[in-house]
Amino acid sequence: MSPTPLQRTLVKSTLIAGAAFVALAACGTGAKDGADQARGTKAAVPAPAKPVKPVKAQVHGLPGMPPVLDPRDVYAADRPNKLSPVVKDFPSRVYVPNTESDTVSVIDPKTYEIIDTIRVGRQPQHVVPSWDMKTLWVNNDRGNTLTPIDPSTGRAGKSVEVHDPYNLYFTPNGRYAVVMASLDRELVFRDPHTMERRKTVPVGCYGVNHADFSLDGRYFIVSCEFSGELLKVDTEKMKVIGQQKLPFAGAMPQDVKVSPDGKRFYVADMMADGMWVLDGDTFGKPTLLPTGKGAHGLYISRDSREMYVSNRGEGTVSVFDFAENRLTKKWRLPGGGSPDMGGVSADGKVLWLSGRYNAEVYAIDTRTGAQLARVKVGSGPHGLAVYPQPGRYSLGHTGIFR
């Protein structure tokens, strides 16, 4: 692992001090030293320098947020099969919201078979794990409801009235649910359990869509699909503190993910055919990295080394290497397809993606890129959730765990 800036400074200071001591010793070979040598006395030997202890950087997180496990990796809790006690006994399932069928298809990932079909509200967009990971919320956008599913039994509960719930996130301290009210042009902060409205934040862009939070949880970046813009939101103040237009005509930003070290945000753009790379702290002008036609979903590997980018417009998945800062592979679905949203299996071996325009779901081997299965589901499958997954708590969407 690379040393932190503070470690480099301490080591550098030690080396400089050591060099200075050697220089002084070399300059001190005068008459006195010569006399000592003539008398056969031993010169004083300096005590060995104490080794510099690595200093772990402190992260002053959002009040109430669980401590950051590793300042160099926000996904440190997401290692293969590292299931929390809350979810470890949940059956492994893939929940697929079918936007045009108003259903959720439930797939057994071992057999690749649909084992249940759950009727929900109008136009379900995403299946979202709650902050405490005990509930899966189905976002019925046009039905203006959220349908809870108990992941221990697979049964749906009574729907809750929530207006325009296109997508759903949770603040890192678990204090609020954040509804991405796309058509209402609002970020709505709600009680994470009852979904009662707590604060409404109007936004000056169109199509608030996806988001991710900074390393310390104190702000989050939001994509605005229909106006090609990005927002920066102060989590604690529940206030928009930055807004910018993406430098591409017709931009349509989609999924958002923060890098493992928390220094950069990546924003998929289905019209720019790539992902924007943004410094979240400065919120400066982003740069575009082309990935493929219709770049849409972003998913982190279980070892935090790679990110999978679904290119919906060409039926491919690009693989981005964080350490090398470049694309290293591109996997092509046999026969094409429309890979959209999804997630990675608990063991990290399978990437599950919905086929938005093909009424199907793809299971892809993350080691080889080979297609393992193609499962027929309802019409318009979108933000599927693989559940359970490793992590201590959920930030929402189809599963962002920390």
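**View 1. The largest cavity and the residues around its centre.** Fourteen residues, written here as 14, line the largest cavity, and those nearest its centre are Asp78, Ile300, Arg302, Gln389 and Gly399. Keep in mind that this is a predicted model. How much space lies in the largest cavity? About 170 Å³. Two strands do part of the lining work: β21 (295–300) and β25 (339–344) each bring at least two residues to it. If you sort the lining by residue type, you get six nonpolar, five polar and three charged residues. Rolling a probe the size of a water molecule over the atoms is what shows where empty space like this is left.

**View 2. The second largest cavity.** Searching the whole structure turns up two cavities of 30 Å³ or more, and here is the second largest, with about 80 Å³ of space. Which residues line the second largest cavity? Start with the run of Met65, Val68, Leu69, Asp70, Asp73, Val74, Ala76 and Ala77, then add Leu215, Arg392, Tyr393 and Arg402. This lining splits into eight nonpolar and four charged residues, with no polar ones.

**View 3. The hairpin of β23 and β24.** Here you can follow strand β23 (residues 316–321) alongside strand β24 (residues 326–332); the two run antiparallel and are joined by six bridges. Want one bridge to look for? Find Ser318, then look across to its partner in β24, Lys330. Between the strands of this hairpin sit four residues, and Asn325 takes a positive phi near 55 degrees.

**View 4. An open sheet of four strands.** Reading across the sheet, the order is β25-β26-β27-β28, and the pairing is antiparallel. Why is one side of β25 and of β28 (371–376) left without a neighbour in the sheet? Both stand at the edges and have a single partner strand each, so there is nothing in the sheet on the other side. From one strand to the next, the twist averages 20 degrees. In general, strands of a sheet pair through backbone hydrogen bonds, and they can do so either parallel or antiparallel.

**View 5. Zooming in on β25 and β26.** This close-up stays with an edge of that sheet, where β25 stands. Four bridges tie β25 to strand β26 (residues 350–355), and the two run antiparallel. Which residue in β26 is the bridge partner of Gly342? It's Leu353. You've met β25 before: β25 also supplies at least two residues of the lining of the largest cavity in the first view.

Methods:
Residues are numbered from 1 along each chain as its sequence is written. This is a predicted model: local features need pLDDT of at least 70, side-chain atom pairs count only at pLDDT 80 or more; totals for chains, interfaces and linings use all residues. Side-chain values use heavy atoms; hydrogens and water are left out. On a 1 Å grid over the protein atoms alone, a cavity is a set of points where a 1.4 Å probe fits but cannot get out, and a pocket is an open set with protein on both sides within 12 Å along at least five of seven lines; lining residues have an atom within 4 Å of a point. Grid points are joined across faces, edges and corners, and a volume is the space filled by probe spheres set on the points. Ala, Val, Leu, Ile, Met, Phe, Trp, Tyr, Cys and Pro count as nonpolar, Asp, Glu, Lys and Arg as charged, and the others, Gly among them, as polar. Two strands pair if DSSP finds at least two bridges between them. Axes are lines fitted to C-alpha atoms, for helices over the stretch in contact, and angles run from 0 to 180 degrees between N-to-C directions.
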